[in-house]
Amino acid sequence: MVKAKINYNSDLLNSIVSDSELQQFNEAVAAAETALAKRSGPGNDFLGWLNLPKKTEKNTLAAIKAKATEIRDNADVLICIGIGGSYLGAKAAIEFLSPSFEALREKQVFFAGHSINSDYIADLLDLVEERSVAVNVISKSGTTTEPGIAFRIIRQWMEKRYGRKEAASRIIATTDSRKGALRQLANDEGYATFPIPDDVGGRFSVLTPVGLFPIAFTGFDINDLITGAADAVSFCKGHTVGDNMAGRYAAIRNILFRKGYTTEVLANFQPHFHFVGEWWKQLAGESEGKNNTGIFPATLDYTTDLHSLGQWMQQGIRNVFETFMVLGKTNENRKIPSFDDNKDELNYLANKSFEKINRAAFRGTLLAHIDGGVPSAVLTVDDRSALTLGQLFYFFEKAIALSGYMLRVNPFDQPGVEAYKKNMFALLGKKGSEALAATLAPRIKELGL
Ligand code: PA5
């Protein structure tokens, strides 16, 4: 019997979404589930993530762990190069599972190639100058500009430092099994490689080697992660909002969207959740924001952001609904000390734990936002274990896929991402972009860019 370690509770929405409205969405849940199961919906050649947790072979995980152990034995630091779905999952998992500070981590993973900034790369290479380094370059297409240029710099640095042969033994490429420039380069240079399945898109790839190798390098249990995701397969299926947790969340999102709540805020009360939010933002935004529709995904980190955007949440334009992502149990639970002088007048909190105070902050915020007209639901996450995180990842993937189908979009493509790339290539003089470059030049001049 699977124990769900996450729970999505929408009971607080009763005055905005009636039970009969929710039940009416059973039909939409069933239709979206059937489209996924029968592979009859749009983007059906990208459904490899759907059964991935149940299908992942033990020896696949063993191979990833063996390589991670070998690299751990030879390197203190792993530089992970990737952008979008090729970095956010690993970043989210490592931040969720690790101690708060990079310096406290036994093995460190630094990320690169997720922006275009030479100060960042220069600082990173300064930082690792005295450390032993390995590199995991991750790109499904193998042609993405940001990781591509970061890898050029880092590869040159690695070859200078270790010599070409040893550098090659310290570089792992995670990419398409057959095609793309990175695959070619990896084959030519003799890098170890992990394949990204053809039928799994970037933002759904955290449970493939894209996420699993960096997570294994940091020493976390990727078997538990996959077991958790497989657990979630069981409670995120079914044709009703009653038995399908992901279906219920997807239905609520769509009902609220149709009532004019066009932005969802995923709010957390723990710094370790920050990058889970960033990962979710890409998953939801890139999957749903197309055909002039889509729920805008935003994230807030409480209580930090209660002192910046709290005012907006309480009294700003009322087109927002909120999903509170709340941790059940922290690893430590410090208590507030008592002082006889009570000069700061905080003795009323003495002997109360941080968690109790944080829980009061959550409850107080939830009630205030409900009173302020923000429809709110609660997603409880039991603990910061790999098993629980596996459940959370799969829950969100399944929910966003269902939600995308309810919105009548293809949740598995991202045609809009190409627009900036085409312009950038033309502006940089890439061969074949001459005609576009000619149309952009007068616009750039007119705008004074
Ligand atoms: O979800 C997606 O498909 C994208 O965010 C990609 O992951 C991102 O653009 C990086 O692509 P690639 O892995 O091909 O370098």
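Contact here means heavy atoms within 4.5 Å. Helices (H or I, at least four residues) and strands (E, at least two) are DSSP runs, numbered from the N terminus. The model is a predicted one, so to speak of local features takes a pLDDT of at least 70, side-chain atom pairs count only at pLDDT 80 or more, and totals for chains, interfaces and linings use all residues. Residues are numbered from 1 along each chain as its sequence is written, and side-chain values use heavy atoms, with hydrogens and water left out.

Starting with the overall picture, the protein has 18 helices and 10 strands. Its radius of gyration (taken over C-alpha atoms) is 23 Å, close to the 22 Å that the globule rule gives for 449 residues, so the protein is as compact as a globular protein of that length. The rule itself is 2.2 Å times the number of residues to the power 0.38. Along the principal axes, the C-alpha atoms fill a box of roughly 60 × 60 × 55 Å.

Next come the sheets, where two strands count as paired if DSSP finds at least two bridges between them. One open sheet is built from five strands in the order 3-2-4-5-6, with parallel pairing. Strand 3 (108-112) and strand 6 (192-195) sit at the edges with a single partner strand each, so one side of each is left without a neighbour in the sheet. On average, neighbouring strands of this sheet are turned by 20° against each other, direction ignored. Strand 2 (residues 77-81) runs parallel to strand 3 and is joined to it by five bridges; I81 stands opposite A112 in strand 3.

Two helices lie across this sheet; for angles, axes are lines fitted to C-alpha atoms, for helices over the stretch in contact, and values run from 0 to 180 degrees between N-to-C directions. Helix 4 (residues 58-74) lies across strand 4 (133-139), strand 5 (171-175) and strand 6, at about 150° to strand 6. Helix 7 (residues 145-162) lies across strand 2, strand 3, strand 4 and strand 5, and runs at about 155° to strand 4.

Another open sheet, also of five strands, has the order 1-10-9-7-8 and mixed pairing. Its edge strands are strand 1 (6-9) and strand 8 (296-301), each of which pairs on one side only. The twist from one strand to the next averages 20°. Strand 7 (residues 263-268) pairs with strand 8 in the parallel sense over six bridges, and V265 has A298 in strand 8 as its bridge partner. Helix 13 (residues 274-288) packs on this sheet, touching strand 7, strand 8 and strand 9 (320-327), and its direction makes about 175° with that of strand 8.

Helix 11 has two helix partners to describe. With helix 10 (residues 209-217), it packs at an angle of about 140°, the axes being 9 Å apart. The two are therefore oblique to each other; angles under 35 degrees count as roughly parallel, over 145 as roughly antiparallel, 65 to 115 as roughly perpendicular and the rest as oblique. Here L212, I215 and A216 in helix 10 meet I222, L225 and I226 in helix 11. By class, that contact has six nonpolar, no polar and no charged residues (Ala, Val, Leu, Ile, Met, Phe, Trp, Tyr, Cys and Pro count as nonpolar, Asp, Glu, Lys and Arg as charged, and the others, Gly among them, as polar).

The axes of helix 11 (residues 222-235) and helix 16 (residues 386-406) come within 6 Å and cross at roughly 45°, which makes helix 11 oblique to helix 16.
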